[in-house]
Amino acid sequence: MLRHEGPSGPAEDQAPVVLAVDSGGSGLRAALARGTEVLGEPLVSGEAVRTGARGIDAGHLLELLVPMARRLLAGAGYAGPAAVAVGAAGFASLGEQLRAELPSALRREWGVRRVALVADAVTAYTGALGARPGAVIAAGTGLIAIGTDLTAWRRADGWGHLLGDCGGGAWIGRAGLEAAMRAHDGRDGGSARLLARAEEVFGPPAGIPGRIYPRADRPAVLASFAPDVAARAGDDPVAAGILREAARHMADAAAAVCPASGGPRVALTGGLFALGAPLLAPLTAELADRLPHAPLVPAQGDPLAGAVRIAAALAAGGLGLPYDERMLYVVAEK
C-alpha cells in the first residue's frame, strides 16, 4: 500500500518524506529523503532545464522531474512527499516562471503544500554549513560567494564569465590561455609551458580564438584549461601566479559576504577545488588573512544535500534560514 505524506505529517516515529532537487547547467538530480536521510540512490538526468523568455522553464523542469520523482516514490512505497525543495541555477535572476507555476503544479501532482524554490547558491550554502552564520565559496566553471547572519542573504560575484566569476574555472582557464598567447607573441607575462599545452589542446595559437569565441559553451571550454594551469603551477611561476590571483579573488568575495560576528564559518564547495593544493594552499592563506574570525571548515555536503536539508526543515515546520523571494522562496499552506 502506498503511503502519502500530507500536511499533517507521517507517523510520529518517522520524519516526513521529502523530495529534493538540484537543477544545474549539467542536468537535474533528484533524491527522496526521510528527514535528512536519503532513501536509496538519487536519480540523475543529463539534460539541463531550458531557459526561455520568462526565465527558467517550469514546464520543462516538470517534464524532467516528474518521471524521476514518480520512480523514486514508487521505489520507496510513497504516493507523494510532504515537502519539495528545488534548487536551481539562475533562480535569483531567472526564477519568475518557477515562482508563478511550480508550486501549484506540484500541488496538483502530489498534493504538496510546502514548497521551497531556492537559488543554487543557497542550496550550496545549506549543504556545506547548514543553518548557521558564515560564508560559502561555490566554485566550478563560475564562482559565487554567499553568506548570511541568519537574518538576510548576501552574495558576491556570480555575474558570469564576461562580467565576473573572478577566480572560477573559466577565469583560471582564460588567464592560462592569455599567458599562452603572451608567450606566443613574445610579450611579458607569458608562459612557454602553458603555450605548449594550449597547442596540444587547441591547435596552432593563431587559430585558438576562432576555436573558442563562437562556442555557445565558451565558459566550459575555458574552464577545461584550468586543470592544465594547476598541473604546471609547481614549476611555472606564471601558472602559480594565476592561482594565487584566483585565491585572492575568492577571498575578496568571501570577505564581502561573511558576517562580522555570530561565530561564522567559511566552507568551500564545487568541482574547482579538486585542483587541490596549487589552489587550496594560497586560498587557505588568503582566507586566514582576510577572515581571521571565521575559520575554514570542511563542507558537510553538496547542493543536493542542501536541498534535502531545506525540504526536511520545511516539512518539519521551520527553516531557520532567511526568506528572500529571489534566493529562498517558500510556499507553505496549511
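Let me begin with helix 12, residues 303-316, where helices are DSSP runs of H or I with at least four residues, numbered from the N terminus: at 1.5 Å a residue, its 14 residues should span 20 Å, and because the end C-alpha atoms are 20 Å apart, the model agrees with that expectation, the expected span being 1.5 Å times one less than the number of residues.

This is a predicted model, in which local features need pLDDT of at least 70 and side-chain atom pairs count only at pLDDT 80 or more, while totals for chains, interfaces and linings use all residues. Residues are numbered from 1 along each chain as its sequence is written, and side-chain values use heavy atoms, with hydrogens and water left out.

Staying with helix 12, 11 of its 14 residues are buried, meaning under 20% relative accessible area with a 1.4 Å probe and protein chains only, and among them are P303, L304, G306 and A307. At the start of helix 12, a side-chain oxygen of D302 comes to within 3.2 Å of the backbone nitrogen of L304, and after the helix comes G317, with a positive phi near 110°.

Turning to helix 10, residues 237-257, we find H249 there. H249 touches C166, G167 and W171, leaving aside residues up to four places away in sequence, where contact means heavy atoms within 4.5 Å. H249 and G167 lie 82 residues apart in sequence, yet their C-alpha atoms are 5.4 Å apart.

Finally, on confidence: pLDDT, the predictor's confidence in each residue from 0 to 100, has a mean of 91 over the protein chain, with 96% of residues at 70 or more. Over residues 1-13, however, pLDDT stays under 50, and where pLDDT is low, the predicted coordinates should not be read in detail.

Methods:
Helices (H or I, at least four residues) and strands (E, at least two) are DSSP runs, numbered from the N terminus. Buried means under 20% relative accessible area, exposed over 50%, partly exposed in between (1.4 Å probe, protein chains only). A polar contact is a pair of N or O atoms within 3.5 Å; within protein, one must be able to donate a hydrogen and the other to accept it, and residues adjacent in sequence count only if both atoms are side-chain atoms.
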